[in-house]
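Thank you all for making the time this morning. I would like to walk you through one structure, and I will go slowly so that you can follow along on the screen.

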Amino acid sequence: MINRQQTPKNSERLLVLFWAHPPAKKIAVFIAVLFWVHMHALAQQSPAEPRVKVFRAGAATSVITPKIGTSINGNMQDVQVKHVHDDTHARSLVLDDGATKLAIVTLDLCMAYRETLDKAKQRAHAFTAIPVENMLISSTHTHSGGTACSVFQSDPDPAYLDFLVERAADAIIRANNNLEPAKIGWGVGHEPGQVFNRRWKMRPGAVLTNPFGGVDRVKMNPGIGNPHLLEPAGPTDPEIPIVAVKSRDGKPIALMANYSLHYVGGTGSGEVSADYFGMFANKFAQLIGADQQSPAFVAMMSNGSSGDINNINFAGPAPERLPAYAKMETVANTVAAEAFKAYQHIEYQEWVPLAVVQKEIVLDVRKPNTQELVRAEAILSKAKGPNMVSMEEIYARETVLMKDFPNSERILLQAMRLGSLAITAIPCEVFVEIGLEIKAKSPFDQTFTVSLANGYHGYLPTPEQHELGGYETWRARSSYLEVNASRKITDQVFTLLDELKAMPATSRYTDPLNANNRKLGDKIALFDGKSLAGWYTFLKDRGKNNDPKEVFTVKEGMIHISGEEWGCITTEEPYDNYKLVVEFKWGGGTHEPRLDKSRDSGILLHSQGMDGGYSGTWMHSIEVQIIEGGTGDFIVVGNGTDQFAVTSPVASQKVGGAHVYQPDGDPVTLHGGRVNWFGRDPEWKDVLDFRGTQDVEKPVGEWNTLECHVLDGEITVYLNGVLVNRALDSKPKSGRIQIQSEAAEMLVRKVDLYPIL
């Protein structure tokens with residue numbers, strides 16, 4: 001970095017060196033000086049932030065299939081991979097609103113350690129610069145994927161964990177490489193026929209002994225046709241939230257779905273499969289005809305709050321016996337069809353703000369006491385081999401292993417904002433009641449929860465479900481958080497959602513131009529208070545400097561515009577990049593054909609071409625209108641080509657047939673027509689002395705200050721200190737300045753211009 005205060009001394013030294021050398025070396029020194037000056041100039045420049053941020057999206061996949069002979073997660077006994085039915089994947093979606101990037105990844109795994117996912121995030125960050133806290137990586141919970149966590153009697157191969165780090169990161173990196181301008185939308189489908197609560201309350205007389213020697217009040221997976229069935233112990237969530245992104249020209253890029261269904265299963269023995277999650281992705285791509293694209297369309301299904309939900313209707317009739325994979329294919333096709341229905345009704349937006357918040361919280365661990373450890377060790381001492389067979393043996397082993405667990409765990413909670421949609425991420429197998437509560441109480445229009453996200457900390461039952469007991473509450477490495485964990489997690493999730501909602505949304509646009517924050521040159525008084533020096537008059541049907549009725553005169557230090565004829569005064573010189581200050585007030589007079597209509601005039605910026613080129617009266621230009629109730633409106637006084645235009649953010653609905661400036665609206669480019677200032681009264685009428693409810697302009701007879709800040713095509717309009725309109729860009733970007741006469745009497749006492757340096 002060059003220190004400007006040292007520059008003179010350095011320059012003097014360079015001159016001494018220059019004259020001390022022979023001619024050949026003088027040339028070399030001279031070239032070096034030129035290079036130094038050039039680099040010094042570059043060092044002072046900073047890349048200009050685009051005024052309109054572009055929303056982008058990219059998607060990609062990476063294969064994470066484990067090797068044959070390694071472990072499959074999801075069973076009480078360890079299972080070895082014998083065959084690969086279908087590859088498992090990391091599926092990634094990267095979104096970029098021009099200021100914030102985030103990445104969402106699903107892994108076809110039963111669960112994954114936070115440490116593994118953190119390493120993947122760090123690797124992805126090194127290649128993409130996406131902040132690690134802006135990455136959400138979750139497991140789908142297929143029970144036929146590679147082992148990435150030590151649960152029950154399955155332990156991961158360290159080499160597979162290293163492989164997962166690389167491949168999960170690569171999915172993010174490749175998706176980031178595929179970023180392109182995009183649009184985004186979301187919706188919700190409903191499919192109640194594939195989700196059932198698997199925890200059942202049983203009739204009196206049913207004995208529900210658990211592996212710890214106690215008795216439960218509910219049973220997981222009690223069996224179809226069980227005569228003791230009473231009622232499900234909880235609800236279900238039939239919703240299928242979807243988020244879709246397309247390229248600007250309509251090419252599908254990705255779809256993220258969410259469904260609260262644990263998994264389906266029904267694979268061949270020892271076979272790797274992504275379960276219905278992978279089949280859904282393939283089927284949805286086929287439904288929209290995007291299964292042969294390049295870059296590939298990526299569909300992904302994340303696991304919702306499915307800790308107590310499966311696909312078996314225990315109260316229904318016994319189903320027919322199906323071959324392997326048939327049931328999961330039925331589920332995948334059914335859910336994909338419903339998602340496709342919702343997909344067809346999505347309204348896409350070309351830009352939405354993105355944001356992410358996350359927080360670690362500390363939760364206690366349910367560790368075994370001395371008596372429980374003694375009992376467990378006694379059971380293990382009677383086991384016949386290293387492989388535990390009975391449930392009592394399996395949980396005795398888990399009890400002993402839990403002895404070395406820490407007394408508390410730090411778990412990561414996360415919430416993402418995609419416009420009016422929120423996604424919450426919890427690193428547990430979340431019970432459905434929790435997900436439903438988050439949806440119901442969220443401050444966002446639509447919210448859904450991704451389970452098994454950013455780590456794994458076992459099942460998350462509610463305290464009420466803990467009281468009922470059952471498999472999901474049994475202490476093990478698959479269920480060990482404190483009984484009140486769900487309440488503490490939910491409270492923190494709502495805090496994160498409130499924080500997201502309260503945060504200023506990332507603006508689609510840079511801050512509006514305020515020339516007062518820029519370096520300004522000396523004031524140029526375009527009106528000297530004595531004459532129209534520097535201006536010429538032009539009147540319709542009379543031409544240049546022909547004003548027999550004295551429409552434009554200077555009296556008592558003011559420009560008096562009678563309005564009797566239509567025309568303007570025009571600066572002799574063109575200008576660009578400036579702050580223009582005009583002080584004006586209305587006189588009382590009006591003239592035909594606007595005798596009883598709103599007093600009307602305007603400042604015309606960037607005026608170019610022939611005098612009277614527009615309707616024989618004004619140059620083609622960009623008008624900042626001065627009219628009762630509408631001062632600050634933009635009007636493109638153009639020639640019908642793209643030579644004259646304004647681009648402004650506007651509200652979604654026109655008012656009175658005109659666009660209305662809205663700071664966070666969608667940008668629109670006009671080659672004709674108008675963009676009204678933000679507060680123009682919807683009931684505006686073209687009548688004399690009209691006043692709107694939000695008018696910033698002062699009443700007739702009082703002075704107003706109108707400022708036009710202009711820089712490289714951007715125009716911001718301030719009326720009496722209030723920003724009333726903004727053009728992100730305009731064409732042309734320079735030209736003469738005109739002040740109109742338009743059938744109303746107006747007085748002007750100041751026209752000052754300050755160059756923006």
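I will go through two helices, then the open and enclosed spaces, and finally a few individual residues.

Please keep in mind throughout that what you see is a predicted model.

Let me begin with helix H5, which runs over residues 275-287 and reaches 19 Å from its first C-alpha to its last, close to the 18 Å expected at 1.5 Å a residue. Its buried residues include Tyr 276, Phe 277, Met 279, Phe 280 and Phe 284, and what covers the buried residues of H5 includes strands S5, S14 and S16 together with helix H6. After H5 comes Gly 289, which has a positive phi, near 70 degrees.

Further along the chain is helix H7, made up of 12 residues, 370-381, with a span of 16 Å between its first and last C-alpha, close to the 16 Å expected at 1.5 Å a residue. Which residues of H7 are buried? They are Leu 373, Ala 376 and Ile 379, and because they cover an arc of only 125 degrees around the axis, they sit on the same side of H7. These buried residues pack against helix H8, residues 391-402, whereas the face turned away from the buried side carries the exposed residues Thr 370, Gln 371, Val 374 and Ser 381. At the N-terminal end, H7 is capped by Asn 369, a side-chain oxygen of which lies 3.2 Å from the backbone nitrogen of Gln 371.

Now to the spaces. The largest pocket holds about 990 Å³, and 47 residues line it, with Asn 221, Tyr 263, Val 264, Asn 310 and Ile 312 lying nearest its centre. Strand S11 and helix H6 each supply at least two residues of that lining, and S11 gives the largest share, which is three residues.

As for enclosed spaces, a search of the whole structure finds three cavities of 30 Å³ or more, and the largest cavity has a volume of about 70 Å³. Among the residues lining the largest cavity are Ala 57, Gly 58, Ala 59, Asn 178, Glu 180 and Pro 295. The elements that give two or more residues to this lining are strands S1 and S14, and S1 gives the most, with three residues.

Pro 295 deserves a second mention: it lies in the loop between H5 and S16, and a cis peptide bond joins it to Ser 294, with omega at about -5 degrees. A cis peptide bond also joins Glu 592 and Pro 593, where omega is about 5 degrees, and Pro 593 is found in the loop between strands S30 and S31.

Let me turn to two residues that have a positive phi although neither is a glycine. Tyr 325, with a phi of about 75 degrees, is in the loop between strand S17 and H6, and at 8% relative accessibility it counts as buried. Glu 550, with a phi of about 55 degrees, lies in the loop between strands S26 and S27, and at 53% relative accessibility Glu 550 counts as exposed.

I will finish with Val 272, which is in strand S15 and is buried, with a relative accessible area of 0%. Leaving aside residues up to four places away in sequence, Val 272 touches ten residues that include Thr 65, Ile 72, Val 81, His 83 and Ser 144.

Definitions and conventions: Residues numbered from 1 in each chain as written. Predicted model: local features only at pLDDT ≥ 70, side-chain atom pairs only at ≥ 80, totals over all residues. Heavy atoms only, no water. Helix = DSSP H or I, 4+ residues; strand = E, 2+ residues; numbered from the N terminus. Expected span 1.5 Å × (residues − 1). Buried < 20%, exposed > 50% of the residue type's maximum accessible area, 1.4 Å probe, protein only. Arc of directions from axis to C-beta. Contact = heavy atoms within 4.5 Å. Polar contact = N/O pair within 3.5 Å; in protein donor to acceptor, adjacent residues only side chain to side chain. 1 Å grid on protein atoms, 1.4 Å probe; cavity = no way out; pocket = protein on both sides within 12 Å on 5 of 7 lines; lining within 4 Å. Points joined across faces, edges and corners; volume = space filled by probe spheres on them.
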